[in-house]
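Got your viewer open? Load the model and keep the selection box handy, because we'll be hopping around.

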Amino acid sequence: MRERTGDARDAALLTPREMAAADQATIRAGVPGAALMERAGAAVARAASAMTRPGQRIVVLCGPGNNGGDGFVAARHLRNRQRSVDVLLLAEPERLKGDARWAFNALSGGWRPLSGDVLAECLDGAHLVIDALFGAGLDRPLAGVAAEAVRAVAVSGVPVLSVDLPSGVNGATGEVLRAEEGQGLAFRAAATVTFFRRKPGLVLYPGRGLCGKVEVAQIGIEPSVLDEIAPRQWVNGPDMWGAAFPRVRDDGHKYDRGHALVLSGGAASSGAARLSALGALRIGAGLVTLGAPPSAMLVNAAHLTAVMLRSVGDADALTDLLEDRRFTSVLAGPGFGLGQRLDAVLAVLLSADRALVLDADALTALAVDPEGACARLRERAAPVVLTPHEGEFGRLFPDLKEQPKLERARAAAHRCGAIVVLKGADTVIAHPDGRLVINDNGAPWLATAGSGDVLAGLVSGLLAQGMPAFEAACAAVWIHGRAGVRFGPGLIAEDLPAQVPGVLSDLLQR
Ligand SMILES: NC(=O)C1=CN([C@@H]2O[C@H](COP(=O)(O)OP(=O)(O)OC[C@H]3O[C@@H](n4cnc5c(N)ncnc54)[C@H](O)[C@@H]3O)[C@@H](O)[C@H]2O)[C@@H](O)CC1
Ligand SMILES: [K+]
């Protein structure tokens with residue numbers, strides 16, 4: 001693995017507001033807005049050319065703003081490439097402004113107003129639709145002719161290439177804008193050409209499911225503008241955490257690689273903690289001990305080999321065990337079972353000066369008193385990583401439930417001073433200081449019983465090795481995703497730890 005973290009600026013995700021600031025900074029530095037639009041439109045035309053052959057028909061839907069401007073430029077280039085292009089305009093031409101007006105004039109005619117009838121006529125026999133209705137400037141749900149166009153294109157089955165974002169998708173949140181009543185509407189694109197950097201709305205669902213294959217085109221914006229804009233969200237990848245990843249020393253000892261303690265529930269649900277323990281061991285913790293109640297000692301002993309086993313019947317036993325300073329991280333929650341033992345164990349853990357991962361039942365137990373839990377978490381000096389899925393998150397932060405995913409995760413991390421891993425197909429990892437990473441390498445078959453237990457174990461295994469908590473959480477989520485992709489369909493949680501070595505050796509070769 002690379003010694004240095006790569007340029008995290010490559011992984012930055014820009015909200016529409018940040019993207020507008022990047023455009024403006026570039027324009028202030030002397031690059032005309034029309035030059036940016038020309039490159040943007042040309043990139044769209046290249047992508048559209050690759051999706052069609054000369055002589056084929058392309059319908060370009062152009063909106064009233066600069067997204068439409070990109071569409072005019074693309075249409076001009078595509079005509080030069082011998083495509084037959086219908087430009088349908090969702091605005092009075094005299095209302096076009098600035099760069100969009102320039103691009104419209106440069107098209108020199110050959111357009112029609114967008115209406116249901118004209119669109120139906122154009123879609124018949126068309127090979128591609130370019131969606132240049134709305135991009136970063138979308139500020140209300142699609143309605144009227146635009147909404148009809150989305151429906152008609154969907155019914156036609158003609159593939160869509162979206163410019164910047166599928167119209168209807170909020171670039172900051174990935175949500176489809178919808179009126180108070182009723183469903184939201186957005187294009188479902190086969191591909192999207194976006195500019196300079198990806199947008200959160202292309203990485204978060206439902207936007208991620210609507211944008212198809214995403215190409216990021218460079219249009220002449222210098223990466224140095226990011227220093228000024230200072231975006232606070234990135235897409236997950238080794239560039240974000242590679243430099244902090246634990247390195248195995250040639251002359252190292254197992255105790256140099258940390259000792260993770262994983263707490264098990266009762267006999268019938270002890271499998272979850274074993275999955276976590278295997279995850280922790282596979283990701284490189286030098287030692288892993290499973291702390292089980294007496295009733296679960298036999299079953300755990302029968303199933304464990306490299307993982308050590310200790311009896312931890314109650315809070316006192318845990319306190320005694322933690323006297324051993326060599327335990328460097330503790331994980332509680334998977335399969336633990338709610339009740340007195342968990343409450344007592346949590347009380348010990350919240351005041352213990354060890355890196356902590358709280359998952360599953362531990363999160364449910366904290367949700368009995370969310371405010372008190374956050375206050376206690378905030379007081380801790382050692383790092384905490386919380387790994388809730390949506391249900392657990394909703395119980396722990398009930399007032400945040402309705403907010404968009406990024407804002408929810410950010411607010412929760414800030415409130416409890418913990419790293420929050422909000423799990424899902426688009427897992428978000430939030431730092432209390434506002435930094436946020438979105439994961440995009442998962443596979444649908446990772447949504448299987450016990451998968452989250454392995455993930456919690458991976459986090460605790462990295463924490464045990466002293467990796468900073470935010471980086472550890474991001475790395476664990478990414479490696480977990482990659483492990484799932486590597487195994488493929490049919491995956492069960494038991495398969496995940498065994499995939500970790502392969503993922504690690506790929507990483508080492510980067
Ligand atoms: N110089 C620049 O700023 C550049 C901008 N670029 C393009 O410009 C886009 C952003 O342009 P704009 O800020 O003009 O925004 P848009 O073109 O996305 O749309 C803004 C316009 O649409 C209207 N509108 C928003 N939602 C609507 C709805 N649901 N129904 C009807 N009308 C609606 C707004 O009132 C406004 O008139 C980017 O997505 C990108 O495609 C690129 O050309 C690169 C350069
Ligand atoms: K669009």
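What follows is a walk through a few selections, one stop at a time.

Before clicking anything, keep in mind that this is a predicted model.

**Stop 1: the ligand**

Select ligand 1 and bring up its surroundings: the shell holds 28 residues, and the closest are Gly 65, Asn 66, Asn 67, Gly 135 and Gly 137. Now colour α2 (33-51) and α3 (66-80), the elements that give two or more residues to this shell. Which of the elements makes the largest contribution to the shell around ligand 1? That's α3, with five residues. If you colour the shell by residue class, you should get 13 nonpolar, nine polar and six charged residues.

**Stop 2: the annotated domain**

Next, select residues 19-227, which an unreviewed UniProt entry lists as "domain: YjeF N-terminal". Over this stretch the chain is 41% helix and 16% strand. Put a distance label on the end C-alpha atoms and it should read 13 Å.

**Stop 3: β2 and its partners**

Zoom to strand β2, residues 84-89. Five of its six residues are buried, leaving the strand mostly covered. On one pairing, look for β1 (residues 57-62), which runs parallel to β2 and is joined to it by six bridges. To find the register, pick Arg 57, which stands opposite Ser 84 in β2. Trace the chain from β1 to β2 and you pass through α3, in a right-handed β-α-β crossover. That's the helix you coloured at the ligand, where α3 gave five residues to the shell.

Then add β3 (residues 111-113), also a parallel partner of β2, this time through three bridges. Here Leu 88 is the residue to click: Arg 112 in β3 stands opposite Leu 88. Show helix α4 (residues 98-107) as well, and you have a β-α-β unit made of β2, α4 and β3, again right-handed.

**Stop 4: β6 and its partners**

Jump to strand β6, residues 191-195. Is this strand enclosed or open? Four of its five residues are buried, so β6 is largely enclosed by the rest of the structure. Strand β5 (residues 160-163) runs parallel to β6, with three bridges between them. Select Ser 162 and its bridge partner in β6, Thr 192, to see the pairing up close. Strand β7 (residues 213-217) pairs with β6 in the parallel sense too, over five bridges. For that pairing, click Ala 191 and find Lys 213 of β7 opposite.

**Stop 5: the annotated binding site**

Finally, select Lys 423, Gly 424, Ala 425, Asp 426, Thr 427 and Gly 452, which UniProt (unreviewed entry) marks as "binding site". They span 30 residues in sequence, yet no two of their C-alpha atoms are more than 13.8 Å apart, so they gather at one spot.

Two glycines here are worth picking separately. Gly 424 sits in the loop between β15 (419-422) and β16 (428-430). Gly 424 has 15 C-beta neighbours inside 10 Å, so it counts as partly exposed. Leaving aside residues up to four places away in sequence, Gly 424 touches His 389 and Glu 390.

Gly 452, by contrast, lies in helix α19 (residues 451-464). With 26 C-beta neighbours inside 10 Å, Gly 452 counts as buried. Show its contacts, again skipping residues up to four places away in sequence, and you get Asp 359, Thr 387, His 389 and Lys 423. Keep His 389 displayed for a last look: Gly 424 touches His 389, and Gly 452 touches His 389 as well.

Note on methods
Residues are numbered from 1 along each chain as its sequence is written. Chains are lettered from A and ligands numbered from 1 in the order in which they are written. This is a predicted model: local features need pLDDT of at least 70, side-chain atom pairs count only at pLDDT 80 or more; totals for chains, interfaces and linings use all residues. A residue is near a molecule or strand if its C-beta atom, placed from the backbone, lies within 6 Å of it. Ala, Val, Leu, Ile, Met, Phe, Trp, Tyr, Cys and Pro count as nonpolar, Asp, Glu, Lys and Arg as charged, and the others, Gly among them, as polar. UniProt positions are given in the numbering used here, feature names are shortened, and annotations may be inferred rather than shown by experiment. A residue is buried if 20 or more other C-beta atoms lie within 10 Å of its own, exposed if 12 or fewer, and partly exposed in between; C-beta atoms are placed from the backbone. Two strands pair if DSSP finds at least two bridges between them. A crossover is right-handed if, with the strands pointing away from the viewer, the path from the first strand over the helix to the second runs clockwise. Two residues are in contact if their C-beta atoms, placed from the backbone, lie within 7 Å.
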